[in-house]
Amino acid sequence: MTETTQMRTAPPGGGSGSRSPEYRLAMNVLSGLREDLFHDAFAYRPLPRMGTDGPVARRLPARLKPHAARIPHAVVVALALLCLYAGTVEGVPDGPLSLLSGLVCAVPVLTTLVRPVGAFWMSMAATPVVALLGSSYANWPWLPGAFLCHTVVLLIVAIRTRPRTAAWMWALTAAYGFVNDSFWGAGHFGSNATPLLVLNAFGLLLISVWHIRRDARQQVTAQQTVMAHERSRRTLLEERTTIARELHDVVAHHMSVVAIQAEAAPYRVENPPEELERAFATIRENAVAALTELRRVLGVVRAEDYEAPDAPQPTLADLDALLANVREAGLAVDKAVTGAVRELPPGVELSAYRIVQEALSNSLRHAPGATARVEVSYVLGGLGLRVVNTAIPPNTLVKASPGAGHGITGMRERVSMLNGEMTADPTDDGGYEVTVFLPVAAAQTEGEA
């Protein structure tokens, strides 16, 4: 009996697949550190201008609002001047060294305007430089100018980047303070590393909370935008479905009439030719097939609980009954008809009635106590509609109901279906006006008449 020993080959990459979770976690941490503070650390990232529609800009005087976009830049410059002053007042002898110390403290702050991560490294490098230029036994390892410079740079960079980058900067600052206290802090009375770290920790915590709130607000805004778009799209689809259901009766009626007339036509002629009978039979078959397909398509978009109306679809002849119902609901409305009244295609009549109905419903909901006027104009090229309501009276006790704009969407969809034109805008006196034109070809009008 022989034993076969199988040798396991190491996976590609030096056996990284068998690394422990701790090792992978450490590599991910180091990768995050390299990405945040080492990769393109001195890349050019200019500070963007502030929006002029924010809460700060709105409170400014009118003459200062054009310059509001530069407020962040002005604040950074002011902080740099403050660091310049702090770098020259304590721990550094007067003269050129004092000015040099102030400049070393101010330059990293100004660098945050264009290279934020690089400004952090410049601030770290400025700390020992300022300590070498001056001398202090009570403030170690950060002299006053370096203390203020590093704090300002840390906070500005945290605002301009993300919370993880701020955490890395704070950790490196803590490591620098620990190394200084351990190796060079014996000859000093006290260390200010702890106050600096505690102060920066509170500042970075507040900035992180601000970042989280801002991101959450942006996500909510984006979600609301998506929801509004989906709601508008759903409303549009529902309105199209409603239009399809209503037009079914109109189209089905005409197709049924065509089928019946095509079937009865050969019997009205004595001894009709065989070709004529076949032609009428073909017409009837096509009409029945079209009616069947129409019902099948409508069945796809019809809701399960939809019940077809028993009464015929309304037309402009039923407009007086609609106005009577609206008056009973509390809206004072009058009607004016201009032009020669004539019968229009059923689709135009139905859409015109629904548009007037929706416009008056909007007046009832959004302008309680106002008065309305409906104008119907029969012109040569089609039909004109105008529904206008006055402003809400100041002494009304009924509050307006908020709306989502679904009624306007439905009206626009009906007008677009008929290749018409529509405007819906507030009036100068505080009311609202809906104007619609539905084109009707002259041949269609004459055929209907």
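Asp 40 counts as partly exposed, with a relative accessibility of 47%. This residue sits in the loop that runs between H1 and helix H2 (55-58). Asp 40 also has a positive phi of about 50°, although it is not a glycine. A second residue with this kind of backbone angle is Asn 419, a residue other than glycine whose phi is positive and near 60°. Asn 419 is found in the loop between helix H12 (406-417) and strand S4 (421-426). With a relative accessible area of 66%, Asn 419 is exposed.

Stepping back to the whole chain, this is a predicted model, and its mean pLDDT is 80. A pLDDT of 70 or more is reached by 81% of the residues. Two stretches fall well outside that group. Over residues 1-16 the pLDDT stays under 50, and the model gives this stretch two contacts beyond four places in sequence. Residues 445-449 also have a pLDDT below 50, with six contacts in the model beyond near neighbours in sequence. Where pLDDT is low, the predicted coordinates should not be read in detail.

As for the overall build, the chain holds 13 helices and five strands. Of its 449 residues, 34% are buried. Taking the contacts between residues at least 6 apart in sequence, 73% join residues at least 24 apart. The chain exposes about 27,400 Å², and 60% of that area comes from carbon and sulfur atoms.

One piece of that surface is a nonpolar patch of about 500 Å², made by Phe 178, Val 179, Phe 183 and Trp 184. Phe 183 belongs to helix H7, which covers residues 163-183. Its relative accessible area is 63%, and anything over 50% counts as exposed, so Phe 183 is an exposed residue.

His 211 makes a good contrast with Phe 183. His 211 is part of helix H8 (residues 193-264). At 2% relative accessibility, and with the cut-off for buried set at under 20%, His 211 counts as buried. What does the side chain of His 211 reach at 2.8 Å? The partner is the backbone oxygen of Ala 158. The same side chain also reaches the backbone oxygen of Ile 159, here at 3.4 Å. Leaving aside residues up to four places away in sequence, His 211 touches Ala 158, Ile 159, Thr 161 and Pro 163.

Charged pairs come next. A search of the whole structure turns up twelve salt bridges. One of them joins Arg 164 and Asp 36, with the closest N and O atoms 2.7 Å apart. This pair links distant parts of the chain, as Arg 164 is in helix H7 and Asp 36 is in helix H1 (residues 21-38), 128 residues apart. The two partners also differ in how much they are covered: Arg 164 counts as partly exposed at 37% relative accessibility, whereas Asp 36 counts as buried at 7%.

Another salt bridge brings together the side chains of Asp 215 and Arg 214, at 3.8 Å from N to O. Here both partners are partly exposed, Asp 215 with a relative accessible area of 32% and Arg 214 with 28%.

Asp 320 and Lys 335 form a further salt bridge, and their closest N and O atoms are 2.6 Å apart. Asp 320 lies in helix H10 (residues 319-328) and Lys 335 in strand S1 (residues 332-338), so this salt bridge ties together parts that are 15 residues apart in sequence. Asp 320 is partly exposed, with a relative accessible area of 46%. Lys 335 is partly exposed as well, at 32%. Elsewhere, Asp 334, Arg 373, Glu 375, Arg 386 and Glu 433 are joined into one network by salt bridges that share partners.

Technical notes:
Residues are numbered from 1 along each chain as its sequence is written. Side-chain values use heavy atoms; hydrogens and water are left out. pLDDT is the predictor's confidence in each residue, from 0 to 100. Contact means heavy atoms within 4.5 Å. Helices (H or I, at least four residues) and strands (E, at least two) are DSSP runs, numbered from the N terminus. Buried means under 20% relative accessible area, exposed over 50%, partly exposed in between (1.4 Å probe, protein chains only). A polar contact is a pair of N or O atoms within 3.5 Å; within protein, one must be able to donate a hydrogen and the other to accept it, and residues adjacent in sequence count only if both atoms are side-chain atoms. Patches are made of residues with over 30% relative accessible area and no salt bridge: like charges are joined within 9 Å, nonpolar side chains (Val, Leu, Ile, Met, Phe, Trp, Tyr) within 5 Å. Accessible areas come from the Shrake-Rupley method with a 1.4 Å probe; for residues, only the protein chains shown count as cover. A salt bridge is a side-chain nitrogen of Lys or Arg within 4 Å of a carboxyl oxygen of Asp or Glu.
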